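Please load the model in your viewer and keep the selection panel at hand, as the stops below go from one cavity outwards to the whole chain.

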Amino acid sequence: MISGKRRISQRAAGEKMIFCEQLNEYMEELSCTGKELAQNSGLSETVISRYRKGERVPAADSVHLRKLAEGIALTAEKRERTDLGQREVFRALYETLKKDSTDKIFLNEKLDQIIEELDINISKMAAALHYDASYLSKIRTGKRNLSNPEEFAEKICDYIAEAFSDERGRKIVAAMIGSSAEKLEEKGIYRECLKKWMYSGSVERTDYVSGFLKKMDEFDLDDYIRVIHFDTLKVPKIPFQLPVSRHYYGLKEMREGELDFLKNTVLSKSMEPLYLCSDMPVEDMAEDEDFAKKYMFGLAMVLKKGLHIHMIHNVERPMKEMMLGLENWIPLYMTGQVLPYYIKGVQNQVYSHLHFSSGTVAMTGDGISGHHDMAHYYLTNNKEEAAFYRKNMEFLLKKASPLMDIYRENQREKLDQFLDDQAQCQGKRRRILTAPPVFVISEEKMKKILRRNQISGEEQTQLLEYQKKEKKRIEKILCHSVVSDELAAVPQKEYEKYPVSLSLAESFLGKDILLSYEEYCDCVKDAENYSAWNKNYRFGITKRKGFRNIQITCYEGKWCMVSKNKAPAIHFVIRHPKLRYALEHVTLPVRDEEMEEKGEV
């Protein structure tokens with residue numbers, strides 16, 4: 001066997017080893033599993049797995065690196081290995097990071113981040129830079145090192161500054177590197193700012209989805225309805241007189257026009273769906289709080305009338321703007337009357353458009369990107385014109401893709417069919433749970449939990465059937481694929497304040513089935529035991545506080561599902577690449593070292 005000292009001497013002689021190789025060699029030498037190292041180091045299995053695959057590396061001076069060294073040393077001690085002490089292991093791991101610090105920071109996470117943010121086509125970029133696409137992918141994942149990373153960085157920066165020099169591209173890059181879109185107008189400055197960012201310390205990915213998930217976790221549709229008095233709203237019957245056509249110019253009149261459109265939609269006799277599509281900038285509109293309230297109230301009236309809304313979102317915005325926009329739509333999504341879409345790819349970089357239609361009224365708008373204060377809008381309730389614009393909206397919708405599939409109780413059978421079909425497909429799954437999974441709980445224990453929660457006989461039968469269905473589905477997946485579950489721990493001293501409820505969103509029960517602390521610990525133990533004997537099932541407890549009312553399921557590279565347990569019980573299946581990627585990389589531990597510094601662990 002190779003000692004820690006010998007490893008260091010080999011590297012000094014010129015044998016280069018990257019971090020994931022060194023870590024994997026230690027684990028193989030000690031016959032150590034990811035689960036065991038996670039327990040011995042205090043890190044999550046997910047973090048260990050990403051380190052092993054080269055998807056992430058810790059900073060050379062981080063608490064994570066120290067924990068990892070402690071975990072390996074403790075594992076060695078249990079194996080009665082005296083040659084792998086904490087100091088030797090730390091030094092060996094540190095050397096791999098020290099040697100490749102510039103290389104790894106650039107090649108691994110920063111290249112990956114900028115490709116995701118700009119939605120860069122790897123094949124197209126590879127052809128422009130005269131590289132093989134698979135070669136770029138290996139660099140992106142940290143599986144290949146470069147002899148000349150500086151030259152490679154120059155080429156990447158040149159390509160991005162040229163290919164993404166439009167306003168949209170500059171805004172996305174500026175938000176990522178901490179600059180401004182205006183500063184990046186000059187390509188020389190653009191390239192230098194980007195290059196400086198590529199070599200400036202470790203990667204700090206912006207968490208774009210936590211606000212969206214937090215709002216969804218805490219949202220209660222009943223409370224929302226009461227606050228806006230939705231349940232007492234009366235759809236007016238008084239005829240609303242609008243000229244056959246009207247033109248609007250600039251921002252102020254545009255706001256007036258959009259409100260006129262909603263008024264006409266609500267007051268008309270038509271029950272046809274509402275179609276909305278706009279890639280006009282939203283910042284100036286959002287700054288007018290009075291307009292925003294009136295606009296959302298208008299949409300609430302449309303829903304109160306019973307209309308469905310087909311919304312084609314403009315997702316070709318910086319991620320931050322896109323997620324803020326989606327947050328505002330959460331209350332409307334929860335009604336089940338909104339169907340969201342998007343159009344793949346950047347449609348143009350010069351013009352901005354608006355297309356609204358609702359059966360008897362239509363609104364269109366156009367302008368030059370960056371100058372929407374000079375845009376022109378046209379509203380009409382002329383029968384022939386409205387029918388013409390309606391037909392164009394139907395054509396546009398055919399070119400759009402669903403941003404997410406939304407399942408409420410009335411789509412239960414469709415959700416079951418979707419999940420049954422997907423269970424047969426091979427691929428890694430990762431779930432962020434709010435409670436121990438129901439499929440590991442015995443039927444006898446489940447009945448006891450339900451009786452203690454005073455669940456009626458009919459509902460008990462429904463939930464036991466759901467549990468059997470879930471167990472059958474998971475077992476089918478585990479026959480061919482890995483499922484990794486993460487659950488945030490709730491300390492006993494906090495349990496009375498934050499008790500855990502079983503996650504039963506797919507049953508659409510809409511009730512809390514609370515676990516006592518003893519039952520919670522028991523179910524956690526069941527999950528750990530299941531993981532111990534099933535090689536394809538991985539269960540890990542994290543120390544970071546998680547969500548209480550939503551569960552996230554990710555089928556790697558395919559889709560992510562956000563499931564809300566109640567108020568209301570609802571499921572969002574998201575396939576859009578950027579959103580899916582952001583959800584796939586959500587981590588409950590986030591940064592364990594920050595928690596230790598704050599005394600939260």
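Select helix H21 to begin, since H21 contributes the most to the lining of the largest cavity, namely 5 residues. Helices (H or I, at least four residues) and strands (E, at least two) are DSSP runs numbered from the N terminus. The model is predicted, so to speak of local features requires pLDDT of at least 70 and side-chain atom pairs count only at pLDDT 80 or more, while totals for chains, interfaces and linings use all residues. Residues are numbered from 1 along each chain as its sequence is written, and side-chain values use heavy atoms, with hydrogens and water left out.

Next, add helix H19 (412-423), strand S10 (429-433), strand S13 (550-555) and strand S14 (559-564) to H21 (457-478), each of these elements supplying at least two lining residues.

Now show Arg431, Glu470, Ile474, Glu506 and Thr553 as sticks; of the 26 lining residues, these lie nearest the centre of the largest cavity. A cavity here is a set of points, on a 1 Å grid over the protein atoms alone, where a 1.4 Å probe fits but cannot get out, and lining residues have an atom within 4 Å of a point. Coloured by class, the lining comprises 16 nonpolar, 5 polar and 5 charged residues, where Asp, Glu, Lys and Arg count as charged, Ala, Val, Leu, Ile, Met, Phe, Trp, Tyr, Cys and Pro as nonpolar, and the others, Gly among them, as polar.

Finally, select the whole chain, which holds 25 helices and 15 strands. Of its 601 residues, 52% count as buried, that is, under 20% relative accessible area with a 1.4 Å probe, protein chains only.

Technical notes. Buried < 20%, exposed > 50% of the residue type's maximum accessible area, 1.4 Å probe, protein only. 1 Å grid on protein atoms, 1.4 Å probe; cavity = no way out; pocket = protein on both sides within 12 Å on 5 of 7 lines; lining within 4 Å.
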